[in-house]
Amino acid sequence: MRAKTADKIATSVIIAVAALIVLVLAGLLGYILVRGLGHISFDFLTSAPETIRKGGGIGPQLFNSVFLLVLTMLITIPIGLGAGIYMSEYAPANRITNFIRLIVEVLSSVPSIIVGLFGLLVLVNLFGFGFSLFSGALALTVFNLPLMVRITEQGLKGVPREQKEASLALGLSKWKTITSVMLPIALPVILTGTILAAGRVFGEAAALLFTAGMSSPRLDFTDWNPFSPFSPLNPFRPAETLAVHIWKINSEGLAPDAAEIAAGASAVLVITVLIFNFGARWLGRYMHRKFTAIK
C-alpha cells in the first residue's frame, strides 16, 4: 500500500471517529435540552421544591450549588496557587518532589465517590462537621486541588525563561519576579483552568451525597445571619445541591411531575456547565490577547 493511500485511510478513520464522538455528544446534549427547556421558567428557578404536590422548583438547590461553588473555590484557589508556585519554582528536583507529583496525579484520578466516603469518615464523623456545605466544600477541595496545582504549575512553566531571567537580572527578588512577571503571563492559563474546575465542581454529585447531604432546611432568604440554621449563608447547614437533587428526584421522587422537574433541572445544570466551559475559552483568549497583544 502506498504511503499516500495509507495516509488518506488513516485520516478518514480519524475524522470519522471524531465526527461520531461529536454527534453522540451533540445528541446527548440536544436530548437533555429539548426535554428540559420547556419546563424552565422564573418560578421554576426561584421556587422551593415540592415533595408530593406538582409544581415545585429548584431555587434552594440552585442557590446551594452556587454557594458551595464559592466556598470550594475560596479554599481551593489559594492552596492550589501556593502549591503550584512551590512545585514550579521552589521544589528541588529530587525523589521527594517526584513522589509529591505522583501523589497529585493519583489524587486527580481518584473516583469522586471515594472522595465522598473519605469526607464522610473524616470530615462528617471524625471532625464533627456533620452533613454541611463546609464538609462538601472540603471534600470537593480534595477532589479539585490536584487540577489547580497542575494548572498553576504548567502555567508558570510556560512563561518564557528569558523574561524570568531578565527580571532577576534587573535585581528583582525571586518572589517579586513570580508575582509581578510570571503570574501575569500565566494568568490566562490559570484563569481558564480555574473556571473549568468551577464547572466541574458545579456538576459534582457523588462526593456530595456523603458530605453535604441530601436534604436542605427551609431557607429564610430574609435571614442573613450566617449562624442561623435557616440562613442561606450558614455554611454549616445541610444542603442539597442541584446535581444531588436531580439524582434524588430520579431515584425516589414522589411528585406527579417528577420527570419534568428532573428534565428541567438537568437542562439548567447542562446550560450552566456549558456557560462555564465557553466562558473559560473566551476569557482565556481575551486574556491572552491582552497580555501578548496578539490578535
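**Cavity.** I started with what lines the largest cavity in this predicted model, and got S65, L68, L69, V201, F202, E204, L208 and T241. Two elements each give two or more residues to that lining, α3 and α8 (174-202). I checked which one gives the most, and it is α3, with three residues. Sorted by class, I have five nonpolar, two polar and one charged residues around this cavity. The space inside comes to about 40 Å³. I also asked how many cavities of 30 Å³ or more the structure holds. The answer is one.

**Pocket.** Next I looked up the largest pocket and noted a volume of about 420 Å³. Its lining has 21 residues, and I wrote down those closest to the centre: P49, E50, T51, E240 and H245. Helices α3 (59-90), α10 (242-252) and α11 (258-292) each put two or more residues into the pocket lining. Which element has the largest share here? I found α10, with four residues. The class tally for the pocket lining is 10 nonpolar, six polar and five charged. So that I don't lose the thread on α3: this helix is on the list for the pocket and also on the one for the cavity.

**S266.** I then went to S266, which sits in helix α11. A polar atom of the S266 side chain is 2.7 Å from the backbone oxygen of A262. I set aside the neighbours within four places in sequence and looked for other contacts of S266; these are I32 and I246.

**Annotated spans.** I pulled the UniProt record, an unreviewed entry, for "transmembrane region". The annotation covers residues 12-34, 66-87, 99-120, 126-147, 181-202 and 261-280. I checked two of these spans against the model. Residues 12-34 are 100% helix and 0% strand, with the end C-alpha atoms 32 Å apart. Residues 261-280 also come out as 100% helix and 0% strand, and here the end C-alpha atoms are 29 Å apart.

**Salt bridges.** Last, I searched the whole structure for salt bridges and got five. One that I followed up joins the side chains of K164 and E89, at 2.7 Å from N to O. Where do the two partners sit along the chain? K164 is in helix α7 (residues 161-169) and E89 is in helix α3, 75 residues apart, so I noted this pair as a link between distant parts of the chain. My margin note on the chemistry is that side chains of opposite charge can pair when their charged atoms come close.

Key:
Residues are numbered from 1 along each chain as its sequence is written. This is a predicted model: local features need pLDDT of at least 70, side-chain atom pairs count only at pLDDT 80 or more; totals for chains, interfaces and linings use all residues. Side-chain values use heavy atoms; hydrogens and water are left out. On a 1 Å grid over the protein atoms alone, a cavity is a set of points where a 1.4 Å probe fits but cannot get out, and a pocket is an open set with protein on both sides within 12 Å along at least five of seven lines; lining residues have an atom within 4 Å of a point. Grid points are joined across faces, edges and corners, and a volume is the space filled by probe spheres set on the points. Ala, Val, Leu, Ile, Met, Phe, Trp, Tyr, Cys and Pro count as nonpolar, Asp, Glu, Lys and Arg as charged, and the others, Gly among them, as polar. A polar contact is a pair of N or O atoms within 3.5 Å; within protein, one must be able to donate a hydrogen and the other to accept it, and residues adjacent in sequence count only if both atoms are side-chain atoms. Contact means heavy atoms within 4.5 Å. UniProt positions are given in the numbering used here, feature names are shortened, and annotations may be inferred rather than shown by experiment. A salt bridge is a side-chain nitrogen of Lys or Arg within 4 Å of a carboxyl oxygen of Asp or Glu.
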